[in-house]
Amino acid sequence: MAFRDVNARRHIGLQQLSSLALAGRRLLGPMKSCKFIVDESTNQSTLICSAVRLIESLDLTSAAGQLLNETIQAQNKEFKTGMSTLLFLIGAWSNAVLECLQQNVPVSAIVSVMSEGLNSCCERVQCLQIPIHDVNKELCSRSVRPNAFKSKTCQIGRDRLLNPQNFLYFQKDISAPEEVIPRSLCSHQEDDCNFNKCVVSPLAGFGSIASLVKPVGDKSTSVISGSGVIASSWNKQKLTHSRYFSTLGKSHFSSQEGNFQGYLSGHSADPCECYGLGHLAMTLSRGNQTSMKLLQSIVAYQQERAECSGSSPFNIAEIVTCCLLGLPESYSCVSPGFVTLLSPEQATVIKYFQDKPLRLLLMDGDLTEQYRHLGFNRPRNVRTILEHPALPGGGAGDLWLSSMLDILISFEVDLVLVKGNVCENLMERCIASGILVIGSVTRDVLRAFGEVTSAQPVTYLTQLNASCVGSGAQAELWKACDGRAMDLGELVPVRIKVQGIPLLTAVLTTTVASKMQLIEDQFWTLVYRLHHALNDEKVFLGGGAVELLCLSHIQTLAEQPLQPANKDAVEEFHNPWLAASATECKSVVLQALASGWKQYLSVVMYNTAEAVSELEACASVDHYLKKAVDSGSPSAYILEEFRRGDLLRGGSGPFTDHGEGLKVYDNVTAKTEAWRRALDLVLLVLQTDAEIITGLKRNQLLNSHLSSEFMFL
């Protein structure tokens, strides 16, 4: 009893982890419950739906809280997904370890058995990994019904392509289809890729684009959605695309030049054979339609460009975001080039540029007088008396400002993109001289402009020479999908473009200020899910399939004798009593490990309305677990249930698919790393608490011994 009391009182770290993780239970699963975070200093609220934003807003002054924050941030930095799973499992396994301690299970046994159990489960679930190539074939096979595709995927493309609110591609004379058919986004490489001819030819027989375009709200069938006429015409000209992916309904891009910046492509009459990456993005989207459609637009562009230039079919470094507050979410779109927000004073410079090509300068650092590059060493034996002397007739720094401006003017620089901060006084002088300076530009944006303009980044303006200045850039006010230039008050969106630049900007809009961060987080989460899926070249079956297999595997492990995977684990139990204790406690510890995944499935089912309570969800998990074990082959049972869409489902909720045949998939590395990080943190805090408790016990025994000797004397 004394040992239990000590554990209950002094394993404070595990209790803190459990309490902190409790706040994120409703952030788990595809149907998350968003939370409002209120900043007491500014009294402003922010809508969050991720564990990262939640942890950033919590009071994490304790050591366990700091470790939790570092663990979440590490997962976010590497994967940008899996943080909610990580946070939940930290709490669930902390509680499970505390229960093991209440049953007098030694710390060494908990650490050894849980570590070996997790490693074994990670190996076991490899059978649920599906290669990306097989996923695409499955998505384009009979498992994705034509009606499902027509009602969802084709509608996505049709709405984006034919909605006049999204594009300005209507011409006065609609009798000439060649002038209004979407122009290929790789048209800057027409010599190498005569893509437009292949696209226009099958549609030219209609005689008028009016047969393709339907008014907004018109529910009649469009030929793009699969009529027999378009199918027969499309088969006459098959287009060859990359090994894995092709796209029929290429999603929308914002129009900036009076014509449609999208395109149609495909190589089969069956739309399901023409989507590839777009379908894969849908299976990873968790039902987030806005982000999914934007990503499909990006994928369509990059995929077509890859076929023309041989580049990667999906490059995350060529994607940036621009958040516009004040526009409805329906205005969100993908715009070629670099869209950013400038002050009204900076935007006035663009009016003087018109459409002339601009001379471009890239700066890899801050454009300030005090800036020094990383690793800069001041000259030895030089004593600085005054860093910035005040000159007669002017303030401090006027000489630097004048010299920097003279350098820019002498090289006829029109546009400066700066990675870091920009001196406000210098920016004001540049505006007065008709030079646009934009700060806080990411390295990827600088690299993209450097590749197409031949501009070479410099660290200081004094390094500038003629070969460092690029040319061919253009700047203009960004226009919304209705063709109007937007002035959002304090900030004005502008677009910097160059012919042939691969850079794409996802323009994210909303009228709710507290929702802006949420929309951006959701978009990047989906982008990185697709990115990691392609890097892994495989995905997990989603919808709880992996966790259910882990539960069945734990039952098998609990019936086997303890067999550590390495000698170090055996030597850890050098004491015979500890070795015997580990064997006896193995089942208890494994069940504690399994409880984390069981709670995970129960909470997800409850959050997705698959069960009216977590208790009912837990009973449902037990029911499916029993059926999996009784089948004799849990993995085969899970695969079959997943294929049928009946895995862990009591009704027709969105737990394992999107309602019409499209399954849910998960990232492999991100999920398993979330498991490992969660268990590593829990075991680290457990061992730290145990060392503290052991030290306190020794001090108590020593004090008791000294007190006894004193009383004897």
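**A guided reading of the predicted model**

Ser 440 is exposed, with a relative accessible area of 56%. The model in which this residue is placed is a predicted one. Ser 440 belongs to the loop that runs between strand E9 (436-438) and helix H17 (443-453). Its backbone deserves attention: phi of Ser 440 is near 55°, a positive value in a residue other than glycine.

A comparable description applies to Glu 537. This residue is not a glycine, yet its phi is positive, at about 60°. Glu 537 is placed in the loop between helix H18 (516-536) and strand E13 (538-541), and with a relative accessible area of 58% it is exposed.

A further loop residue is Pro 357, found between helix H14 (344-353) and strand E7 (358-363). Pro 357 has a relative accessible area of 57%, over the 50% cut-off, and therefore counts as exposed. Apart from residues up to four places away in sequence, Pro 357 touches Asp 414, Gly 472 and Ala 473. Its C-alpha atom is 8.9 Å from that of Val 498, a residue 141 positions apart from it in sequence.

From these loops one may turn to the protein as a whole. The protein contains 24 helices and 14 strands, and 51% of its 713 residues count as buried. Of the contacts between residues at least 6 apart in sequence, 77% join residues at least 24 apart.

The interior comes next. In soluble globular proteins, nonpolar side chains tend to be buried together. Here the largest nonpolar core has 114 residues, and those with the most contacts inside it are Leu 68, Ile 110, Met 114, Phe 314, Phe 523, Leu 530 and Trp 597. Helix H5 (residues 83-102) supplies the largest share of this core, 13 residues. A second core, separate from this one, has 26 residues, among them Leu 342, Leu 360, Leu 446 and Ala 448.

What is Ile 110 in contact with, leaving aside its neighbours within four places in sequence? The partners are Val 97, Cys 100, Leu 101, Val 105, Val 589, Leu 683 and Leu 686. Val 105 also appears in the surroundings of Cys 585, which is in contact with Val 105 and Pro 106 when neighbours within four places in sequence are left aside. Cys 585 lies in helix H21 (residues 576-607). Although Cys 585 and Val 105 are 480 residues apart along the chain, their C-alpha atoms are separated by 6.4 Å. Cys 585 counts as buried because its relative accessibility, 12%, is under 20%.

The cysteines raise the matter of covalent links. A disulfide is a covalent bond between the sulfur atoms of two cysteines. A search of the whole structure finds zero disulfides. For Cys 323, the nearest cysteine sulfur is that of Cys 322, 6.8 Å away, and Cys 323 is in no disulfide. The cut-off for a disulfide is 2.5 Å, so this pair does not qualify. Cys 323 is partly exposed at 21% relative accessibility, whereas Cys 308, at 13%, is buried.

The last stop is a pair of helices. Two packed helices are described by the angle between their axes and the distance between the axes. Helix H19 (residues 545-558) and helix H22 (residues 614-630) pack at about 65°, with axes 10 Å apart, and their crossing is right-handed. Leu 548, Leu 551, Ser 552 and Gln 555 of H19 meet Val 621, Tyr 624, Leu 625 and Val 629 of H22. By class, this contact has six nonpolar, two polar and no charged residues.

Technical notes:
Residues are numbered from 1 along each chain as its sequence is written. This is a predicted model: local features need pLDDT of at least 70, side-chain atom pairs count only at pLDDT 80 or more; totals for chains, interfaces and linings use all residues. Side-chain values use heavy atoms; hydrogens and water are left out. A nonpolar core is a set of buried Ala, Val, Leu, Ile, Met, Phe, Trp, Tyr and Cys residues joined through side-chain atoms within 4.5 Å. Buried means under 20% relative accessible area, exposed over 50%, partly exposed in between (1.4 Å probe, protein chains only). Helices (H or I, at least four residues) and strands (E, at least two) are DSSP runs, numbered from the N terminus. Contact means heavy atoms within 4.5 Å. Axes are lines fitted to C-alpha atoms, for helices over the stretch in contact, and angles run from 0 to 180 degrees between N-to-C directions. A crossing is left-handed if the near helix is turned anticlockwise from the far one by less than a right angle, and right-handed if clockwise. Ala, Val, Leu, Ile, Met, Phe, Trp, Tyr, Cys and Pro count as nonpolar, Asp, Glu, Lys and Arg as charged, and the others, Gly among them, as polar.
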